[in-house]
Amino acid sequence: QVQLVESGGGLVQAGDSLRLSCAASGRSFSSNAMAWFRQAPGKEREFVAAVSQSGGNTYAEAGRGRFTISRDNAKNTVYLQMNSLKPEDTAVYYCAASEGYGLGPFEYNYDYWGQGTQVTVSS
């Protein structure tokens, strides 16, 4: 089992930056691919970014060029640096962990989920 706890969300203005963190516990963090998803009000949860066990990454179009996913295996933590935030980035952001390999953009690619952290971007 893997437990995931997100933090770092909040209320910011358009153009601001935020860094989300996801602390993992329960087993070897370095063996998991990690990802961030988000769910805006009234919408389906969607893929944001993923990072592999070796540090390779992939991004959804919405965040490409503005968001950066990274991991620190020594701290069992994955990060999502979000710059130039827009009101449409407002959502609950979820951290997810996969016991498999690859950087799949679908929810079924991931085995464990955090409770989410709210990000609200005002215009």
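These legends describe several close-up views of one predicted protein model.

Residues are numbered from 1 along each chain as its sequence is written, and side-chain values use heavy atoms, with hydrogens and water left out. Because the model is predicted, local features need pLDDT of at least 70 and side-chain atom pairs count only at pLDDT 80 or more, while totals for chains, interfaces and linings use all residues.

**View 1. The whole chain is built from strands, with 0 helices and 11 strands.**
Helices (H or I, at least four residues) and strands (E, at least two) are DSSP runs, numbered from the N terminus. Along the sequence the pattern reads β-β-β-β-β-β-β-β-β-β-β. The radius of gyration is 13 Å, close to the 14 Å that the globule rule gives for 123 residues, so the protein chain is as compact as a globular protein of that length. That radius is taken over C-alpha atoms, and the globule rule is 2.2 Å times the number of residues to the power 0.38. Along the principal axes, the C-alpha atoms fill a box of roughly 40 × 25 × 25 Å. Of the 123 residues, 43% are buried. Buried means under 20% relative accessible area, exposed over 50%, and partly exposed in between (1.4 Å probe, protein chains only). The protein chain exposes about 6,100 Å², and carbon and sulfur atoms supply 46% of this area. Accessible areas come from the Shrake-Rupley method with a 1.4 Å probe; for residues, only the protein chains shown count as cover. Among contacts with a separation of 6 or more, 59% join residues 24 or more positions apart. Contact here means heavy atoms within 4.5 Å.

**View 2. C22 and C95 form a disulfide.**
The sulfur atoms of C22 and C95 sit 2.1 Å apart. A disulfide is a pair of cysteine sulfur atoms within 2.5 Å. The count by this rule is 1 disulfide. The torsion about the S-S bond of C22 and C95 is about -80°, so this disulfide is left-handed. C22 belongs to strand β3 (residues 18-25) and C95 to strand β9 (residues 91-98), so the pair ties together parts that are 73 residues apart in sequence. C22 is buried, at 0% relative accessibility. C95 is buried too, at 0%.

**View 3. Strand β1 alternates its side chains between two faces.**
Strand β1 covers residues 3-7. L4 and E6 point to one face and are buried. Q3, V5 and S7 point to the other face and are not buried. β1 pairs with β3 in the antiparallel sense, over 5 bridges. Two strands pair if DSSP finds at least two bridges between them. Within this pairing, V5 stands opposite A23 in β3. V5 has 54% relative accessibility and counts as exposed. Setting aside neighbours within four places in sequence, V5 contacts S21, C22 and A23. V5 and Y94 are 89 residues apart in sequence, yet their C-alpha atoms are 9.1 Å apart.

**View 4. R38 makes side-chain polar contacts with E46 and Y93.**
R38 lies in strand β4 (residues 33-39). R38 is buried, with a relative accessible area of 7%. The polar contact from R38 to the side chain of E46 is 2.6 Å. The one to the side chain of Y93 is 2.9 Å. A polar contact is a pair of N or O atoms within 3.5 Å; within protein, one must be able to donate a hydrogen and the other to accept it, and residues adjacent in sequence count only if both atoms are side-chain atoms. Beyond four places in sequence, R38 touches residues including R45, V48, F67, E88 and D89.

**View 5. D89 is buried in the loop between β8 and β9.**
The relative accessibility of D89 is 1%. Leaving aside neighbours within four places in sequence, D89 contacts R38, R66, F67, S84, V119 and V121.

**View 6. N76 and S84 each have a positive phi.**
Phi of N76 is near 55°, and N76 is a residue other than glycine. N76 lies in the loop between β7 (67-72) and β8 (77-82). N76 is partly exposed, at 25% relative accessibility. Phi of S84 is near 50°, again in a residue other than glycine. S84 lies in the loop between β8 and β9. S84 is partly exposed, at 42% relative accessibility.
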